[in-house]
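This report walks through a single chain, beginning with its overall fold and then turning to selected residues. Please keep the sequence and the three-dimensional view at hand while reading.

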Amino acid sequence: MAVRIRLPGGTLKVKIYRELRARERERRIPVVKIGSVYLSWWSNSRRPLNNEAGAPDDPDRPQPAP
């Protein structure tokens, strides 16, 4: 059973390995292992990663006007 702690700016989740989501297992979000417990940080203002749609170098993302 995962424990969720809501904090300003996001949520800190405490889980064991089998409860981790794919994004957590692939370390696409911040994850720290302490003993057999994993701490993951889910930010409220998530910025896209380089390989996701909307990333800064995404060619499909509209460019700002000069």
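The paragraphs below go from the chain as a whole to its core, and then to individual side chains.

The model is predicted, and its secondary structure consists of one helix and four strands, which follow one another along the sequence in the pattern β-β-α-β-β. Of the 66 residues in the chain, 21% count as buried, while the chain exposes about 5,300 Å², with carbon and sulfur atoms supplying 55% of that area. When contacts between residues at least 6 apart in sequence are considered, 29% of them join residues at least 24 apart.

The largest nonpolar core has five residues in all, namely L20, I29, V31, Y38 and W42. Of these core residues, W42 can be followed in some detail: W42 lies in strand β4, which spans residues 37-43, and it counts as buried because its relative accessible area of 14% is under 20%. Leaving aside neighbours within four places in sequence, W42 is in contact with G9, G10, T11, K13, R21, R23, E24 and I29. For one of these partners, G10, a separation of 32 residues along the chain goes with a distance of 5.5 Å between its C-alpha atom and that of W42.

A second buried position is K15, which belongs to strand β2, made up of residues 10-15. K15 counts as buried because its relative accessibility is 6%, again under the cut-off of 20%. Beyond its neighbours within four places in sequence, K15 is in contact with A2, L20, R21, E24, S36, V37 and Y38, a list that includes L20 and Y38 from the nonpolar core. Both K15 and W42 are in contact with E24.

Two polar contacts between side chains involve the residues just described, and they are set out here.

| Side chain | Partner side chain | Polar contact |
|---|---|---|
| K15 | E24 | 3.1 Å |
| W42 | S40 | 3.4 Å |

Which residues form a nonpolar patch on the surface? The patch consists of V3, I5 and L7, which together have about 220 Å² of accessible area. L7 is found in strand β1, residues 3-7, and it counts as partly exposed because its relative accessibility is 39%, a value between the limits of 20% and 50%.

Taken together, the residues described here include W42, buried in strand β4, K15, buried in strand β2, and L7, partly exposed in strand β1.

Conventions: Residues are numbered from 1 along each chain as its sequence is written. This is a predicted model: local features need pLDDT of at least 70, side-chain atom pairs count only at pLDDT 80 or more; totals for chains, interfaces and linings use all residues. Side-chain values use heavy atoms; hydrogens and water are left out. Patches are made of residues with over 30% relative accessible area and no salt bridge: like charges are joined within 9 Å, nonpolar side chains (Val, Leu, Ile, Met, Phe, Trp, Tyr) within 5 Å. Accessible areas come from the Shrake-Rupley method with a 1.4 Å probe; for residues, only the protein chains shown count as cover. A salt bridge is a side-chain nitrogen of Lys or Arg within 4 Å of a carboxyl oxygen of Asp or Glu. Helices (H or I, at least four residues) and strands (E, at least two) are DSSP runs, numbered from the N terminus. Buried means under 20% relative accessible area, exposed over 50%, partly exposed in between (1.4 Å probe, protein chains only). A polar contact is a pair of N or O atoms within 3.5 Å; within protein, one must be able to donate a hydrogen and the other to accept it, and residues adjacent in sequence count only if both atoms are side-chain atoms. Contact means heavy atoms within 4.5 Å. A nonpolar core is a set of buried Ala, Val, Leu, Ile, Met, Phe, Trp, Tyr and Cys residues joined through side-chain atoms within 4.5 Å.
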